[in-house]
Amino acid sequence: EESGAVEAARRTTALSQSQAAAAQHAVAVAQAAVAAARAQLSAAQAAVPAAQDALRKAELDRDRNAGLARDGYVPASTLDAAAAAAARARGTYDAAVAQSANARAALSMAEAALAQQRANVVAAGSGTAASAAQIPIAQAKTSEAAAPARVANKQNAAYAASSQADALAAQ
């Protein structure tokens, strides 16, 4: 029964060690997610200036064509095409900015997940240490539980020897 406590402590320690290893693996996965999020953020941020330049050019074309259309130098269809191109460029720019913001948010979330996984490693390490500490405690309790039996046996042996001595003395 007492050795069962030692065995249970050993099994708990093995489980804690397994959980600590899993937590370490989760940190590696979280680190990879942070690296991927940083790469996505870089790519998204790189797209913003190009989209901004395209928007600026499309708006300049639209404004120039609007002036020329007022003066009758270009047909309305050219103005409509320039306005449509400016609207598309605005949409592309807005999408690039939104993608950049989303990538920034994804990076923040990945960094938070990494921090959580690192905290899990610390907690798992503490759990492993606490479980490992239970083994000598269980062993000590086993020894302690066995000690009264040994004392009782010694007391019974001493009483039996005393009784034999008294019996021999009485003869």
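**Two helices and their cores: a quick briefing**

Ala87 sits in helix α2. That's one small spot in a predicted model that has two helices and zero strands. The protein runs to 171 residues, and 20% of them count as buried. Here's the rundown, starting with the overall picture and then moving on to the cores and a few individual residues.

**Overall picture**

- If you look at contacts between residues at least 6 apart in sequence, 87% of them join residues at least 24 apart.
- The accessible surface adds up to about 11100 Å², and carbon and sulfur atoms account for 58% of that.

**The nonpolar cores**

- The largest nonpolar core is made of 14 residues, and Val34, Leu107 and Leu114 are the ones with the most contacts inside it.
- Two elements give two or more residues to this core: α1, spanning 2–70, and α2, spanning 76–170.
- The top contributor is α1, which puts in eight residues.
- Leu114 is worth a click in your viewer: once you set aside its neighbours within four places in sequence, it is in contact with Val27, Ala30, Gln31 and Val34.
- Apart from the largest core lies another one, with eight residues; Ala58, Ala89, Tyr93 and Ala96 are among them.

**Asn65, on helix α1**

- Asn65 has its place in helix α1.
- Its relative accessibility is just 10%, so Asn65 counts as buried, the cut-off being under 20%.
- Skipping residues up to four places away in sequence, Asn65 touches Val74, Thr78, Leu79 and Ala82.

**Asp94 and Ala87, on helix α2**

- Asp94 is found in helix α2.
- Asp94 counts as partly exposed because its relative accessibility is 40%, and that class covers values between 20% and 50%.
- Asp94 and Ala51 are 43 residues apart along the chain, yet 8.5 Å separates their C-alpha atoms.
- Back to Ala87 in helix α2: with a relative accessible area of 48%, it is partly exposed too.
- Ala87 also has a partner from elsewhere in the sequence: Ala58 is 29 residues away along the chain, with 8.4 Å between the two C-alpha atoms.
- Ala58 is a name you've already met, as one of the residues of the eight-residue core.

Conventions: Residues are numbered from 1 along each chain as its sequence is written. This is a predicted model: local features need pLDDT of at least 70, side-chain atom pairs count only at pLDDT 80 or more; totals for chains, interfaces and linings use all residues. Side-chain values use heavy atoms; hydrogens and water are left out. A nonpolar core is a set of buried Ala, Val, Leu, Ile, Met, Phe, Trp, Tyr and Cys residues joined through side-chain atoms within 4.5 Å. Buried means under 20% relative accessible area, exposed over 50%, partly exposed in between (1.4 Å probe, protein chains only). Helices (H or I, at least four residues) and strands (E, at least two) are DSSP runs, numbered from the N terminus. Contact means heavy atoms within 4.5 Å. Accessible areas come from the Shrake-Rupley method with a 1.4 Å probe; for residues, only the protein chains shown count as cover.
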